[in-house]
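Me: I have a model open and would like to talk through its pockets and its annotation with you. Shall we take a look together?

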Amino acid sequence: QQFGDLYGVYGNVDGEDMKRLVPRRQLLNVEGYKIGVVHGHGEKKTTEKRAAAEFEEEDVDLIIFGHSHLPLLKFSKKTMLFNPGSATDKRRPPHYSFGKITLNKGITAQHIFYDSLD
């Protein structure tokens with residue numbers, strides 16, 4: 001928070017303390033872009049489909065989600081779907097990862113991959 005605006009959402013393993021601090025999902029307007037943020041947990045469907053369904057009534061440019069810990073960057077129609085993976089719990093992927101999103105004349109997103117937490 002010292003360096004800029006900080007937004008977050010809670011996930012399936014967060015307790016009541018986190019649920020009091022942040023919502024289940026957020027719809028943000030940043031630099032003229034509509035961005036949906038959600039963890040993506042739930043039942044039925046894939047994490048990606050659950051995340052997209054959260055914002056199907058809004059005309060969003062980007063949906064950022066997690067839950068599966070699997071890095072993903074793809075489009076569903078004109079909406080970018082971005083899962084940064086996991087910086088601390090990579091599960092199945094061979095590398096840890098985080099994401100970098102740039103908003104200027106368009107949205108660009110990339111994964112940064114690394115091999116160790118050391």
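Me: How much of the chain over residues 5-104 is helix and how much is strand?

Reply: Happy to help! This is a predicted model. Over residues 5-104 the chain is 14% helix and 34% strand, and the end C-alpha atoms of that stretch are 17 Å apart.

Me: What does UniProt place at residues 5-104?

Reply: An unreviewed UniProt entry gives "domain: Calcineurin-like phosphoesterase" for that range. Such annotations may be inferred rather than shown by experiment.

Me: What makes a residue part of the lining of the largest pocket?

Reply: A lining residue has an atom within 4 Å of a pocket point. The largest pocket holds about 650 Å³ of space. Of its 24 lining residues, the closest to the centre are Val37, Ile64, Phe65, Gly66 and Pro84. Strands S1 (25-30), S2 (33-38) and S6 (96-104) each supply at least two residues of this lining.

Me: Why is Gly66 counted as polar in that lining?

Reply: Gly is placed among the polar residues by the classes used here, so Gly66 counts as polar. By class, the lining of the largest pocket has 14 nonpolar, eight polar and two charged residues.

Me: What lines the second largest pocket?

Reply: The second largest pocket has a volume of about 220 Å³. Its lining includes Phe55, Val60, Ser76 and Thr79. Helix H2 (47-54) and strand S5 (79-83) each supply at least two of the lining residues.

Me: How do you know which residues of that lining are charged?

Reply: Asp, Glu, Lys and Arg count as charged, so Glu56, Glu58, Asp59 and Lys77 belong to that class. That fits the tally for this lining: six nonpolar, two polar and four charged residues.

Definitions and conventions: Residues are numbered from 1 along each chain as its sequence is written. This is a predicted model: local features need pLDDT of at least 70, side-chain atom pairs count only at pLDDT 80 or more; totals for chains, interfaces and linings use all residues. Side-chain values use heavy atoms; hydrogens and water are left out. On a 1 Å grid over the protein atoms alone, a cavity is a set of points where a 1.4 Å probe fits but cannot get out, and a pocket is an open set with protein on both sides within 12 Å along at least five of seven lines; lining residues have an atom within 4 Å of a point. Grid points are joined across faces, edges and corners, and a volume is the space filled by probe spheres set on the points. Helices (H or I, at least four residues) and strands (E, at least two) are DSSP runs, numbered from the N terminus.
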